[in-house]
Amino acid sequence: MTLDETYDFLMQIRRKEIIIRRKETQRDELRACLLPGAIRYDRDRVQSTPTDKMADVIVRVDELDREIEQLRREKASLVIEISDAIETLEDDYERTVLTEFYIARAPMTEVADAINYSVRRAYHFRKMGVTHLGEVL
């Protein structure tokens, strides 16, 4: 596996997380649209949001909920697959750095603290871990 392919393999979790966040944002905004509209008391009639599109919005919220649950299941499978691949590495520091960065999505400063090395050294372990993982895969 090439270096780029290995990085793509490891980044799958982060990409899935971004998609989940985007879908959750869409769902939350649609749910907010389902709330009653603003009422103005300065007119004779009480105004609220029209309800003719509400059925479509409710259906779309339900679809997004199902999509999000499916994406979460896919993410869990990716976490297992990538964690198992990382565990095949021989070096403990490389395993720790890759797990912290790609699985736990921790920033490199926290990763460096976890292994008690500098950030620069943590980047070195990450690069070596990715290289070795590409050789194993």
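E17 counts as buried, at 13% relative accessibility. In this predicted model, E17 sits in helix 1, which spans residues 3–33. Its burial follows from the cut-off, because buried means under 20% relative accessible area. The side chain of E17 makes a polar contact of 2.4 Å with the side chain of K75. Leaving aside residues up to four places away in sequence, E17 touches K75 and R105.

R105 belongs to the loop between helix 3 (92–103) and helix 4 (108–115). The relative accessibility of R105 is 33%, so R105 counts as partly exposed. The backbone of R105 has a positive phi of about 55°, although R105 is not a glycine. Most residues other than glycine have a negative phi. N116 is a further non-glycine residue with a positive phi, here of about 60°. N116 lies in the loop between helix 4 and helix 5 (119–136). With a relative accessible area of 67%, N116 is exposed. The threshold for that class is over 50%, which means that N116 falls within it.

The overall fold is helical. The protein chain has five helices and zero strands. Read from the N terminus, the order of elements is α-α-α-α-α. The chain has 137 residues, and 31% of them count as buried. Its accessible surface comes to about 9100 Å². Carbon and sulfur atoms account for 51% of that surface. Contacts between residues at least 6 apart in sequence were also examined, and 68% of them join residues at least 24 apart.

The largest nonpolar core has 22 residues. L10, I82, I86, L98 and V111 have the most contacts inside this core. Helix 1, helix 2 (54–86), helix 3, helix 4 and helix 5 each supply at least two of its residues. Helix 3 gives the most, with five residues. Contacts of L98 illustrate the packing. Not counting residues up to four places away in sequence, L98 touches L10 and I86, both listed with L98 among the core residues with the most contacts. L98 also touches L89, I103, R126, G129 and V130 under that sequence filter.

D28 offers a second view of helix 1, where this residue lies. D28 is partly exposed, with a relative accessible area of 38%. The side chains of D28 and R27 are joined by a polar contact of 3.3 Å. D28 and L64 are 36 residues apart along the chain. Their C-alpha atoms are separated by 9.7 Å.

A nonpolar patch was identified on the surface. M1, V136 and L137 form this patch. Together, these residues have about 270 Å² of accessible area. V136 is placed in helix 5. The relative accessibility of V136 is 47%, so V136 counts as partly exposed. The upper limit of that class matters here, because exposed means over 50% relative accessible area.

Definitions and conventions:
Residues numbered from 1 in each chain as written. Predicted model: local features only at pLDDT ≥ 70, side-chain atom pairs only at ≥ 80, totals over all residues. Heavy atoms only, no water. Helix = DSSP H or I, 4+ residues; strand = E, 2+ residues; numbered from the N terminus. Buried < 20%, exposed > 50% of the residue type's maximum accessible area, 1.4 Å probe, protein only. Contact = heavy atoms within 4.5 Å. Areas by Shrake-Rupley, 256 points an atom, 1.4 Å probe, with all protein chains shown as cover. Polar contact = N/O pair within 3.5 Å; in protein donor to acceptor, adjacent residues only side chain to side chain. Patch = residues over 30% accessible without salt bridge, like charges linked within 9 Å, V, L, I, M, F, W, Y side chains within 5 Å. Salt bridge = Lys/Arg side-chain N within 4 Å of Asp/Glu carboxyl O. Core = buried A, V, L, I, M, F, W, Y, C linked by side-chain atoms within 4.5 Å.
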